[in-house]
Amino acid sequence: MGSAPLDLLFPPRCPFCRRLLTERHALLCPDCQRTLPWLEGDSARRTGEFFGVCVSPLAYRGRVPDSVHRYKFPGTPSYAGAYGLLIAQCVRDNRAAPLDLVTWVPLSPKRKRKRGFDQAEALARAAAQELGLPVRGTLEKFRNNGPQSHLHEASERRANVLGAYRLREGAEPAGLRILLVDDVVTSGATLSECARLLRSAGAAEVLCATLAQARKS
């Protein structure tokens, strides 16, 4: 079935305000395109431990938190396409040097079963397609720790993710310049832990990208 019949059955909506999109290939409605909390220049970049920089097209405020919550709970996987394109454009705007591989911060198997999909994997696949890069899972989450969103201190967030991830068997990141994707960055603790594992396994560089950043530490 082509996209036109599907559009008649399920008219596309803006992922941030849920208004109907009147232009066929539009990602966002004109109002959100104008008023979302876009980040540019230095404000779009975060530095962190074990990764050089994390780039994000949006701040986590205004309509963004509700949109991300709908994406994850109970789950609107269709948002990944628009989100992934925004992430890819932000990467292009902030990175001139080539990259070799796109990967993501994985959910635990338990949480993935409950949610029905891995939101960071969906973002990574959409961004990789737009960037023309291969995408591959390199990490796995084997300890189902509590959510980072419940913790406020940076030290608590670092302790919560320590030892929660490991390298996948056969991941082979050695020598690669890797784009590591997640949905939102707050303290950067999760991205740092995942980047640490990739760098310890020989990755030449880890660049991080998220849809939004919640605050600067």
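Averaged over the protein chain, the pLDDT of this predicted model is 88, and 86% of the residues reach 70 or more. The N-terminal end is another matter: residues 1-9 have a pLDDT below 50. Beyond near neighbours in sequence, that stretch has 5 contacts in the model.

**Two helices that cross**

Let us turn to a helix pair. Two packed helices are described by the angle between their axes and the distance between the axes. Here the pair is α3, covering residues 64-75, and α4, covering residues 79-94. Their axes come within 11 Å and cross at roughly 130 degrees. Angles over 145 degrees would count as roughly antiparallel and those from 65 to 115 as roughly perpendicular, so α3 is oblique to α4. The crossing of α3 past α4 is left-handed.

Which residues make the contact? On the α3 side they are S67, V68, R70 and Y71, and on the α4 side Y79, A80 and Y83. Sorted by class, this contact has 5 nonpolar residues, 1 polar residue and 1 charged residue.

**Two residues with positive phi**

Next come two backbone angles to look at in your viewer. Most residues other than glycine have a negative phi, and most peptide bonds are trans. R18 is not a glycine, yet its phi is positive, at about 70 degrees. E172, also a residue other than glycine, has a positive phi near 50 degrees. Their settings are set out here.

| Residue | Phi | Loop | Relative accessible area |
|---|---|---|---|
| R18 | about 70 degrees | between α1 (3-9) and α2 (30-35) | 47%, partly exposed |
| E172 | near 50 degrees | between β6 (165-167) and β7 (177-185) | 64%, exposed |

The label for R18 follows from its relative accessible area: at 47% R18 is partly exposed, because exposed requires over 50%. E172, at 64%, is exposed.

**A buried strand residue**

Finally, have a look at T103, which lies in strand β4, residues 101-104. Is T103 buried or exposed? Its relative accessibility is 0%, so T103 counts as buried.

How far apart are T103 and L179 in sequence and in space? They are 76 residues apart along the sequence, while their C-alpha atoms are 6.2 Å apart. L179 is also one of the contacts of T103 once neighbours within four places in sequence are left aside. The others in that set are A124, R136, G137, T138, I178, L180, V181 and L198.

Terms used:
Residues numbered from 1 in each chain as written. Predicted model: local features only at pLDDT ≥ 70, side-chain atom pairs only at ≥ 80, totals over all residues. Heavy atoms only, no water. Axes fitted to C-alpha atoms, helices over the stretch in contact; angles between N-to-C directions. Helix = DSSP H or I, 4+ residues; strand = E, 2+ residues; numbered from the N terminus. Parallel < 35°, antiparallel > 145°, perpendicular 65-115°, else oblique. Left-handed = near helix turned anticlockwise from the far one by under 90°. Contact = heavy atoms within 4.5 Å. Nonpolar A, V, L, I, M, F, W, Y, C, P; charged D, E, K, R; others polar. pLDDT = per-residue confidence, 0-100. Buried < 20%, exposed > 50% of the residue type's maximum accessible area, 1.4 Å probe, protein only.
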